[in-house]
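Subject: Structure handover

Hello,

Here is the structure I promised to pass on. Please open it next to this email and follow along.

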Amino acid sequence: MALYAISDLHLSLGTDKPMDIFSSLWEDHAEKLRQNWTQTVTEEDTVVIPGDISWATYLEDAKMDFSFLDSLPGRKIISKGNHDYWWTTATKLKKFIEANNFRNISFLHNSYYTYEQWAICGTRGWSSGEGDTAEENKKIFARERQRLELSLQQGTASGKTKVIAVLHYPPFNSDDDGYGFIDILKKYKVSICLYGHLHGDFDLARQGMIEGIDFRLVSSDYLNFSPLKIL
């Protein structure tokens, strides 16, 4: 039994959104992902997917993408990315999974999951360059901070001795300070933080031990579409 991670799958099996317009690396990337995944992950393993799962705008339009994911080995824990416009309430997501008989997909949505002695917690996060105004950024940061803390509170209260935090956005800016997330990660003694969102210029990624936390970039193109073993 092992824990893997990979983000930014950008699936578009039910929509016309080819990724190879951005880079030849993305050509037929769903098939690359399928081959690498099935050669790496077993049914007993867990895969954390920190956002940007499907290009679908509405949940029902994402059915083919989730069917593809469900067909792959292992348990999947999915959190929200900035392009996951189909993301909705926890109740609707659960009903969608049940209605389509997807057997191994769960959503990290103001909640937490466990893997052996680990609590898996997280939220989408945010970037200061995304919002239209400073006031909008302030509101979104406050909301995402609250969601992260809620998830970490639940996870640490579960009795698990170690914590993994899952964010879609990197919790760093160009000035090398946290966007108000690092302090929360330290407060709850997070050991590992997984994040995605970055594409192309991976020199911007900060990885390894920082402030006592092991940060790892898991964007699918960075990993050459092969899930990264975390534990």
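**Helix 4 and its surroundings**

Helix 4 (residues 134–157) has 24 residues. From its first C-alpha to its last it reaches 34 Å, close to the 34 Å expected at 1.5 Å a residue. Keep in mind throughout that this is a predicted model.

Where does helix 4 lie? It lies across strand 5, strand 6 (118–123) and strand 7 (162–167). It runs at about 165 degrees to strand 6.

The buried residues of helix 4 are Asn137, Ile140, Phe141, Glu144, Leu148, Glu149, Ser151, Leu152 and Gly155. Their cover includes strand 5, strand 6 and strand 7. Helix 5 (182–187) is also part of that cover. Just after helix 4 comes Gly159, with a positive phi of about 95 degrees.

**The six-strand sheet**

Strands 5, 6 and 7 belong to an open sheet of six strands. The order is 5-6-7-8-10-9, and the pairing is mixed. Strand 5 (112–115) and strand 9 (208–210) stand at the edges. Each has a single partner strand, so one side of each is left without a neighbour in the sheet. From one strand to the next, the twist averages 30 degrees.

Look at the strand 9 edge. Strand 9 pairs with strand 10 in the antiparallel sense, over three bridges. Find Gly208 there: its bridge partner in strand 10 is Phe215.

**The five-strand sheet**

There is also an open sheet of five strands. Its order is 4-3-2-1-11, again with mixed pairing. Strand 4 (105–107) and strand 11 are the edge strands, and each pairs on one side only.

Strand 2 (46–50) is a good place to start in this sheet. How many of its five residues are buried? Five of the five are, so strand 2 is largely enclosed by the rest of the structure. Both of its faces are covered. Thr46, Val48 and Pro50 are buried on one side. Val47 and Ile49 are buried on the other.

Now take the partners of strand 2. Strand 1 (residues 3–5) runs parallel to strand 2, and three bridges join them. Tyr4 stands opposite Val47. Ala5 stands opposite Val48. Strand 3 pairs with strand 2 in the parallel sense too, over five bridges. Here the bridge partner of Val48 is Ile77, in strand 3.

**Helix 1**

Helix 1 (residues 29–40) has 12 residues. It reaches 16 Å from its first C-alpha to its last, close to the 16 Å expected at 1.5 Å a residue.

Which residues of helix 1 are buried? They are His29, Ala30, Leu33 and Trp37. These cover an arc of only 100 degrees around the axis, which puts them on the same side of helix 1. Strand 2 is part of what covers them. So are helix 2 (63–71) and strand 3 (75–79).

**Two residues with positive phi**

Two loop residues deserve a look. Asp52 lies in the loop between strand 2 and helix 2. Its phi is near 55 degrees, a positive value in a residue other than glycine. Asp52 is buried, with a relative accessible area of 2%.

Asn224 is found in the loop between strand 10 (213–217) and strand 11 (228–229). Its phi is also near 55 degrees, and Asn224 is not a glycine either. Is Asn224 buried or partly exposed? It is partly exposed, with a relative accessible area of 46%.

**Cysteines**

How many disulfides are there? The count comes to zero. Counting one takes two cysteine sulfur atoms within 2.5 Å. The sulfur of Cys121 has its closest cysteine sulfur in Cys193, 11 Å away, which is too far for a bond. For Cys193 the closest cysteine sulfur is the one in Cys121, again at 11 Å.

Cys121 counts as buried, at 0% relative accessibility. Cys193 counts as buried as well, also at 0%.

**Where to look first**

Begin with helix 4 across strands 5, 6 and 7. Then move to strand 2, with its two covered faces. Finish with the loop residues Asp52 and Asn224.

Best wishes

Terms used:
Residues numbered from 1 in each chain as written. Predicted model: local features only at pLDDT ≥ 70, side-chain atom pairs only at ≥ 80, totals over all residues. Heavy atoms only, no water. Helix = DSSP H or I, 4+ residues; strand = E, 2+ residues; numbered from the N terminus. Expected span 1.5 Å × (residues − 1). Buried < 20%, exposed > 50% of the residue type's maximum accessible area, 1.4 Å probe, protein only. Arc of directions from axis to C-beta. Contact = heavy atoms within 4.5 Å. Pairing = 2+ DSSP bridges. Axes fitted to C-alpha atoms, helices over the stretch in contact; angles between N-to-C directions.
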